[in-house]
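Here is a short note for a colleague opening this entry for the first time. Please keep the sequence and the model in view while reading.

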Amino acid sequence: IDLIDSATEVNTKATVVPGKEPIRKVQSKATVVPEVHTKKTVRDLSAKTKALALEIELELLDLMGLGRLDDEIIDRMISLYEKAMIDKTGKDVISLGKLSSTEINFLKNATGIDFSKFRRIVDFNGARHTYKFHGGNHEKLSNQIPVEPIHFAFAPKVISEYDTIKFQPKGINKRNDTILYTKKIGKTYFVVEEIITGENKLRLHTMWIKK
């Protein structure tokens, strides 16, 4: 036997037939491992697999004329989301800089507020909310796919190169006004930012992906 699956228990017995080589009987018992995200499973995500997934997604972005993502931002977004898959609380924050002049004008017309001093951030709470409602086994809608770490890394691209943008007064969290961005990158990505006027910040609230 040359190849044996590591998740298979193998038991062999030799059967002797006169004039022939022994025949070995193989009994296999498959082990079913449930999908559970732990510190070990997240840490053990194959670096090779992650790199391949990233390469494929970035090639798709290039083909669609979207350009490449910032490598440092990719790494930080992936790390933040992987941490949110494990921990319930965290203080990690990623700064994405100021808004574009197009966004500033759009939001001023929609809200009457000057957004020129606002900064865009992605924090642990946004990553955790995305995972708890739309990641792994948490995504319950059949027309949507679970958000994985590599998908979460695209949020800045969806925001900066959106297909559509929509202001939502007292948006989906019913507390603060929000902005909904969509971008088709093979599938359709949705990103919601929360407007924190008291802090001059736009904070990623959640993200989901439709097939």
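1. Which residue in β9 does isoleucine 121 stand opposite? The partner is arginine 203. The model is a predicted one, and the points below begin with the strands around this pairing.

2. Strands β4 and β9 run parallel and are joined by three bridges. Strand β4 covers residues 119-123, while β9 covers residues 201-210. Strand β3, residues 93-98, also pairs with β4, here in the antiparallel sense and over five bridges. In β4, arginine 120 has glycine 97 opposite. Strand β4 is mostly covered, with four of its five residues buried.

3. For the chain overall, the secondary structure consists of seven helices and nine strands. The protein chain has 211 residues, of which 38% are buried. If one takes the contacts between residues at least 6 apart in sequence, 51% of them join residues at least 24 apart. The exposed area is about 12900 Å², and 53% of it is supplied by carbon and sulfur atoms.

4. The largest nonpolar core holds 39 residues, and those touching the most other members are Met77, Phe115, Phe152 and Leu202. Helix α3, residues 71-84, gives this core its largest share, namely seven residues. Methionine 77 has contacts with Ile94, Val122, Phe152, Ala153, Ala155 and Pro156, leaving aside residues up to four places away in sequence.

5. How does the length of α3 compare with what its 14 residues should span? At 1.5 Å a residue the expected span is 20 Å, and the end C-alpha atoms are 20 Å apart, so the two agree. The buried residues of α3 are Ile73, Ile74, Met77, Ile78, Leu80, Tyr81, Glu82 and Ala84. As background, an α-helix has 3.6 residues a turn, so residues three or four places apart point the same way. That rule may be kept in mind when reading the list.

6. How many aromatic pairs does a search of the whole structure find? There are six. One of them is formed by phenylalanine 115 and phenylalanine 118, a tilted pair at 4.4 Å centre to centre with 40° between the planes. Both phenylalanine 115 and phenylalanine 118 are buried.

7. Another aromatic pair, phenylalanine 190 with tryptophan 208, is stacked, with 5.2 Å from centre to centre and 10° between the planes. Phenylalanine 190 belongs to strand β8 (residues 187-196) and tryptophan 208 to strand β9, so the pair ties together parts that are 18 residues apart in sequence. Phenylalanine 190 and tryptophan 208 are both buried. Separately, Tyr81, Tyr131 and Phe152 make up one aromatic cluster. Of these, Tyr81 is among the buried residues of α3, and Phe152 is one of the core residues that touch the most other members.

8. A last point concerns a loop. Asparagine 200 lies in the loop between β8 and β9. The phi angle of asparagine 200 is near 55°, a positive value in a residue other than glycine. Is asparagine 200 buried, exposed or partly exposed? Its relative accessibility is 31%, so asparagine 200 counts as partly exposed, given that buried means under 20% and exposed over 50%.

Key. Residues are numbered from 1 along each chain as its sequence is written. This is a predicted model: local features need pLDDT of at least 70, side-chain atom pairs count only at pLDDT 80 or more; totals for chains, interfaces and linings use all residues. Side-chain values use heavy atoms; hydrogens and water are left out. Helices (H or I, at least four residues) and strands (E, at least two) are DSSP runs, numbered from the N terminus. Buried means under 20% relative accessible area, exposed over 50%, partly exposed in between (1.4 Å probe, protein chains only). Contact means heavy atoms within 4.5 Å. Accessible areas come from the Shrake-Rupley method with a 1.4 Å probe; for residues, only the protein chains shown count as cover. A nonpolar core is a set of buried Ala, Val, Leu, Ile, Met, Phe, Trp, Tyr and Cys residues joined through side-chain atoms within 4.5 Å. Two strands pair if DSSP finds at least two bridges between them. Rings of Phe, Tyr and Trp (its six-membered ring) pair if their centres lie within 6.5 Å; planes under 30 degrees apart count as stacked, over 60 as edge-to-face and the rest as tilted. The expected span of a helix is 1.5 Å times one less than its number of residues.
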